[in-house]
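The questions below work through one chain and its ligands, with each answer building towards the value or name requested. Please keep the sequence and the model in view while reading.

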Amino acid sequence: MPSAVKKTGQILIKGISNPDELNLDGQLPFYSFKRFFVPEKEGLFDYQNNKLRDKKSVYPERSQRALVGMNILDMKAVNLYDQVFEKDPYYQARRRNILIVGYSLTPEIENNIFEHKYEEDILEHLPFDIFLADYNAPSSRELRNSPPLKLRGGSGGLYKVFTGSIKGQRILEHFGYKDYEHIQFSGPIKEGEADKRMERLRDRLKNHHNLKIWEELGQRCIECGKCTLACPTCFCFRIDDAPAIKENLGERSRCWDSCYYQEFSEVVGGHKFLDNTAKRIHFWYFHKFARIPDEFNFMGCVGCHRCAAVCPVGIDINKVLEDIENS
Ligand code: SF4
Ligand code: SF4
C-alpha cells in the first residue's frame, strides 16, 4: 500500500502495513506517484528469432496497489496519463489494479504557479476511487460547515468520504461503510471554462517565439534531466532492445527518457532534431504549455514546483512562465 510517509524530514512514498505510518499533513511528497502508473522501466515482451517468445510475456501480471493519501496535484497528473496512455494495454492493465485514495489537503507550495485550492466541485474532475475531504483543511472552509463528520483521520482531522468509482464503492461497502457520497467523473476539465493563463501561454509560445529566453536558459541548464524525472507530468519514454548472445533471445522494454538528453531527438544516421540545449529546453516548455493544451485542452503541468526544487542551477518554472507571458 504505497502512501505518503515522513522520513528524515521529507515526505516520501513508501509501502506501509501500519496506518500510523501514513502522513496526511498535506505536504507534497518529494517524488510524485508517477512511477506507479508509468514505471521507470518495464519489460514489454521477450522475443526469440525475431518472434514473440511466448504470449505470457506480452502482458505481465500486475500487482494490486492502493495509493493512499494522493494529493490533488498528483491526481491531476493521473488525468494526463489516462489520456496519453488511453490505448496502451500495459498502462491499462496496471491502471485497473490501482486504487486511488485521494486526500483534500492542498500542498503548500513555494511560489505558487497555479491556483490549486481544494473545492468540492473539482471532485468530479479528479480520477479517484475514494476521496477523504479534510474538514480542517485551511483551503476548504466551506466543508467546515458541512454536516456530519465521518471518520477520524491520522492527522487528527475529520473526514467527509466520497467515492469516484464502483471499485471505491465496493471496497467501502465490503467493510460495512455506507456513509459516503458518490461523485460521477465527468472528464478532466470543467465544461465551458477556458483557462485564461493556458491560452495566454499557448499563444505566446506559438506566435511570439522569443529566442532570448531559451538562449539564456540554454546557457544555464546542465542537461541533468532531474526536472523531467521529478515531474509528475513528464511521461516520455524510450524503447530498448536487449538481445542476449545465446539462442537469439531478447527483451524489449521501455524506460523513462528526458528531452533534455542529447540523444532524445537523435534519428538513424546520427541527426539530432534538437541539437542544442536552448532548443531542448524550449521543446520541454512547448510540449507542456502548447502541444498538450492543443491535444487535451489542459496544461501539461500541475504546478507542483518539483522541477524547480530539484534543479541544480536554480531554473524556476514560475519565473520562466512569467518571462514567456511578458515576452
Ligand atoms: S511544476 Fe514542474 S514538476 Fe510540477 S508539473 Fe509543472 S513542470 Fe512538472
Ligand atoms: S533540472 Fe535544471 S539543469 Fe537539470 S535538465 Fe532540468 S532545467 Fe536543466
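Q: In which helix does Ile171 lie?
A: This is a predicted model, in which local features need pLDDT of at least 70, side-chain atom pairs count only at pLDDT 80 or more, and totals for chains, interfaces and linings use all residues. Residues are numbered from 1 along each chain as its sequence is written, while chains are lettered from A and ligands numbered from 1 in the order in which they are written. Helices (H or I, at least four residues) and strands (E, at least two) are DSSP runs numbered from the N terminus, and the run that holds Ile171, residues 166–174, is helix 5.

Q: Is Ile171 buried, exposed or partly exposed?
A: A residue is buried if 20 or more other C-beta atoms, placed from the backbone, lie within 10 Å of its own, exposed if 12 or fewer, and partly exposed in between. Because Ile171 has 17 other C-beta atoms within 10 Å, it is partly exposed.

Q: How far apart in space are Ile171 and Leu99, C-alpha to C-alpha?
A: Along the sequence, Ile171 and Leu99 are separated by 72 residues. In space, their C-alpha to C-alpha distance is 9.8 Å.

Q: Why is strand 7 largely enclosed by the rest of the structure?
A: Ile130, Leu132 and Asp134 point one way from strand 7, whereas Phe131 and Ala133 point the other way. In a regular strand the side chains alternate between the two faces of the sheet. Strand 7 (residues 130–134) is largely enclosed because the number of its five residues that are buried is five.

Q: Which residue of strand 9 is the bridge partner of Ala133?
A: Two strands pair if DSSP finds at least two bridges between them. Strand 7 pairs with strand 6 (residues 98–103) in the parallel sense over three bridges, and Gly102 stands opposite Phe131 there. With strand 9 (residues 158–163), strand 7 runs antiparallel and is joined by five bridges, and the partner of Ala133 in strand 9 is Lys160.

Q: Which helix gives the most to the largest nonpolar core?
A: A nonpolar core is a set of buried Ala, Val, Leu, Ile, Met, Phe, Trp, Tyr and Cys residues joined through C-beta atoms within 7 Å. The largest one has 61 residues, and those with the most contacts inside it include Leu67, Met70 and Phe131. With seven residues, the helix that gives the most to this core (residues 72–84) is helix 2.

Q: Which strands stand at the edges of the open sheet 4-3-12-11?
A: Four strands form this open sheet with antiparallel pairing. Each edge strand has a single partner strand, so one side of each is left without a neighbour in the sheet, and these edges are strand 4 (51–52) and strand 11 (237–243).

Q: How many of the residues that surround ligand 2 are nonpolar?
A: A residue is near a molecule if its C-beta atom, placed from the backbone, lies within 6 Å of it, and 13 residues surround ligand 2, with Cys221, Cys224, Cys227, Tyr260 and Cys311 the closest. Ala, Val, Leu, Ile, Met, Phe, Trp, Tyr, Cys and Pro count as nonpolar, Asp, Glu, Lys and Arg as charged, and the others, Gly among them, as polar. The shell around ligand 2 has one polar and two charged residues, and its nonpolar residues number 10.
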